[in-house]
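Me: Could you walk me through this structure, one question at a time? I'd like the reasoning along with each result.

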Amino acid sequence: MSDATARKLLCEIFKSSRQDEMYLYVDKRNGMKDVPHELLEHFGKPEPVLTMILTPGKKLSRAKACDVMAAIDEKGFYLQMPPAKESYLLDLYRTPIRPSY
């Protein structure tokens with residue numbers, strides 16, 4: 001087993017208080033100290049969601065664990081943005097709604 005596949009990271013995940021489906025992953029040992037102040041202003045108050053052990057092969061819903069781990073190593077955090085809205089859903093907000101009888 002190589003070092004890359006044996007690597008583990010204790011990761012803490014926070015959700016944004018301002019944006020639905022936006023999450024911030026950080027190394028639990030370092031906490032939020034590496035997250036830029038500007039990002040935290042936009043993110044809002046971080047609300048703890050989950051603490052988990054990440055390995056490169058771990059299945060995550062919207063990201064590759066190896067990408068999350070690489071971002072945490074490089075920047076000190078990984079920001080998971082909300083999924084893009086489908087264009088037909090955006091049309092609901094653009095189309096004026098007028099009752100027609």
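Me: Happy to start. Is Lys-28 buried, exposed or partly exposed?
Reply: This is a predicted model, in which local features need pLDDT of at least 70 and side-chain atom pairs pLDDT 80 or more, while totals for chains, interfaces and linings use all residues. Residues are numbered from 1 along each chain as its sequence is written, and side-chain values use heavy atoms, without hydrogens and water. Buried means under 20% relative accessible area, exposed over 50%, and partly exposed in between (1.4 Å probe, protein chains only). Lys-28 has 37% relative accessibility, so Lys-28 counts as partly exposed.

Me: Thanks! Where in the fold is Lys-28 placed?
Reply: Helices (H or I, at least four residues) and strands (E, at least two) are DSSP runs, numbered from the N terminus. By that numbering, Lys-28 sits in the loop between strand 2 (23-27) and helix 2 (37-43).

Me: Which residue forms a salt bridge with Lys-28?
Reply: A salt bridge needs a side-chain nitrogen of Lys or Arg within 4 Å of a carboxyl oxygen of Asp or Glu. Here the closest N and O atoms are 3.5 Å apart. The pair links distant parts of the chain, with Lys-28 in its loop and the partner in strand 1, 16 residues apart. That partner is Glu-12.

Me: And is Glu-12 buried or exposed?
Reply: The relative accessibility of Glu-12 is 14%. Because of that value, Glu-12 counts as buried.

Me: How many residues apart in sequence are Arg-62 and Glu-21?
Reply: Their side chains meet in a salt bridge of 3.2 Å, N to O. Arg-62 lies in the loop between strand 3 and helix 3, and Glu-21 in the loop between strand 1 and strand 2, so the pair ties together parts whose separation is 41 residues.

Me: Now the sheet: what is the order of its four strands?
Reply: Two strands pair if DSSP finds at least two bridges between them. The sheet is open, with antiparallel pairing. Strand 3 and strand 4 (78-80) are the edge strands, each pairing on one side only. The order is 3-1-2-4.

Me: Last one: which element gives the most to the largest nonpolar core?
Reply: A nonpolar core is a set of buried Ala, Val, Leu, Ile, Met, Phe, Trp, Tyr and Cys residues joined through side-chain atoms within 4.5 Å. The largest has 14 residues, and Cys-11 and Tyr-25 are among those touching the most other members. Strand 1 (9-15), strand 3 (47-54) and helix 3 (65-75) each give two or more residues. With five residues, the top contributor is helix 3.
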